[in-house]
Amino acid sequence: MLDDMVAAIDNRSAQGIAAAIGRMVSAGELPVGDRLPTVRELSKALGVSPTTVSEAWKTLAAVGAIDPRGRLGTFVRQPPGPGGTHRYRRITDGPGRFDLDLSTGFPDVGLLPDLRPIVADVSRQSLTSSYLDRPVLPELWDHLHASWPFPPEELTVVDGAMDAIDRVARELVHLGDRVVVENPTFPPVLDLFEQLGAEVIGVNLDAEGLVLAELASALEYEPRLVFVQPRAHNPTGTTWSAKRARAVSRLVAPTAAVVVEDDHSGDIASGEPVSVGTWLPDRTVHIRSYSKSHGPDLRLAAVGGAGSVIDRVTDRRLLGPGWSSRILQSVLLALLTDPTATWAVEAARHAYASRRREFTRALAERGVATTGTDGINQWVEVADERSALVGLAARGIGVAPGEPFMVRPAGDHLRITIGLLDGPISAIEHLAEQVADVAGGPGARVGRRPS
Ligand SMILES: Cc1ncc(COP(=O)(O)O)c(C=O)c1O
């Protein structure tokens, strides 16, 4: 192996050594799990100082290509898999295929605040004077800071919650790192971690949030990141209690993990915004999306919390898009402060809560079990996922399969975006009837559960 490495290294700077070995790992020329030569061996063979090789090792470890295990030596890691978006693409068939498409996880556009009067008022003048202006409009920054669930060390605005998760994950997670997520969770997050080559550990939820005993076991694997949705969890509708958030902070405190909180429902969630950042502000990154409350096409989310992480995101972004459109930021600020718009968002919150309540009740009356209390999605337990999906599709109703949300299998489920049910109660009753019809079999209907 030593000879092959020496032959492949044509540039003997630390950067050149790291690049050549990185290429060999990616190409599979250095078998995963093999021990690399020691710093001393390689530096001698290359005729460079041990410091140069050490630096190269550091770079390779930071991108997850190698795994330094102290006295045991340094080992080759698994390069990232082909990745893709296979889970995400499985949850929705796209518009037009069903008479009633409840597979989308999308908000009801009829409940979004009206943009027209706001846009007419937004000035393009003097919003940006330099490419190096602060990325967040100062007035929006003040508004976000004042409404954050804990005093954030740093705060910025990016293009939606998924953009925030992607940017934060890319800063924190490298090949071979472990990450903890809720089981089930939002499928593109699983796709993203897979693409980064991370090992995902799923922790189940109960009615108050992460199951503490499971989290404690997961933390023993020294994860880099714990990804959670403390409010209106997609898909289960769980909102954490403050007590659970506190208990999670106690478990995470002695570890090195960063907690990444995705408050994707933001202002349309009924529950209080709880955050581990209340107790661990320097180890929590809290994300608040405005997609569900103010419109997915604004493409805006705020990210606040641990300065060490957010500074890195902001710096890296400066070498890409730089900032989120200040025109859109000023639209958001106007929406957050305009009485008519804030009233519309409040009305939307009540409408979603009422749709959820009615559908939950209608299903319960028909003996079908659901979970959670918050948000636009309902997680429904069924006896057989595939036949339930097909049964609903045959009735012109689209819903999402439960399987892509799962870190590990735990029964059959459907995710139904009940936030889109804008009709009368009779329509909700009708849908519940159809869902109860396909849910079928023991295990799905309460009261017919096997003991
Ligand atoms: C849990 C979760 N995170 C993130 C997102 C994406 O949010 P955004 O539109 O802000 O990117 C969604 C969208 O449904 C979601 O359910």
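Q: Which phi does Gly367 take, just after H15?
A: Gly367, just after helix H15, takes a positive phi of about 80 degrees. Helices here are DSSP runs of H or I with at least four residues, strands are E runs of at least two, and both are numbered from the N terminus. Bear in mind that this model is predicted: local features need pLDDT of at least 70, side-chain atom pairs count only at pLDDT 80 or more, and totals for chains, interfaces and linings use all residues. Numbering starts from 1 along each chain as its sequence is written.

Q: Which residues of H15 are buried?
A: Buried means 20 or more other C-beta atoms, placed from the backbone, within 10 Å of the residue's own. In H15 these include Ala341, Val345, Tyr352, Arg355, Arg356 and Leu363.

Q: What do the buried residues of H15 pack against?
A: Contact means C-beta atoms, placed from the backbone, within 7 Å. The partners of the buried H15 residues are helices H6, H12, H14 and H17, along with strand S12 (378-382).

Q: How should I read a helix pair, such as H10 and H11?
A: Two packed helices are described by the angle between their axes and the distance between the axes. The axes of H10 (residues 212-219) and H11 (residues 242-252) come within 10 Å and cross at roughly 20 degrees. H10 and H11 are therefore roughly parallel to each other, a label for angles under 35 degrees.

Q: Which residues meet there, H10 to H11?
A: Leu212, Leu215, Ala216 and Leu219 of H10 meet Ala247, Val248, Leu251 and Val252 of H11. By class, this contact has eight nonpolar, no polar and no charged residues.

Note on methods. A residue is buried if 20 or more other C-beta atoms lie within 10 Å of its own, exposed if 12 or fewer, and partly exposed in between; C-beta atoms are placed from the backbone. Two residues are in contact if their C-beta atoms, placed from the backbone, lie within 7 Å. Axes are lines fitted to C-alpha atoms, for helices over the stretch in contact, and angles run from 0 to 180 degrees between N-to-C directions. Angles under 35 degrees count as roughly parallel, over 145 as roughly antiparallel, 65 to 115 as roughly perpendicular and the rest as oblique. Ala, Val, Leu, Ile, Met, Phe, Trp, Tyr, Cys and Pro count as nonpolar, Asp, Glu, Lys and Arg as charged, and the others, Gly among them, as polar.
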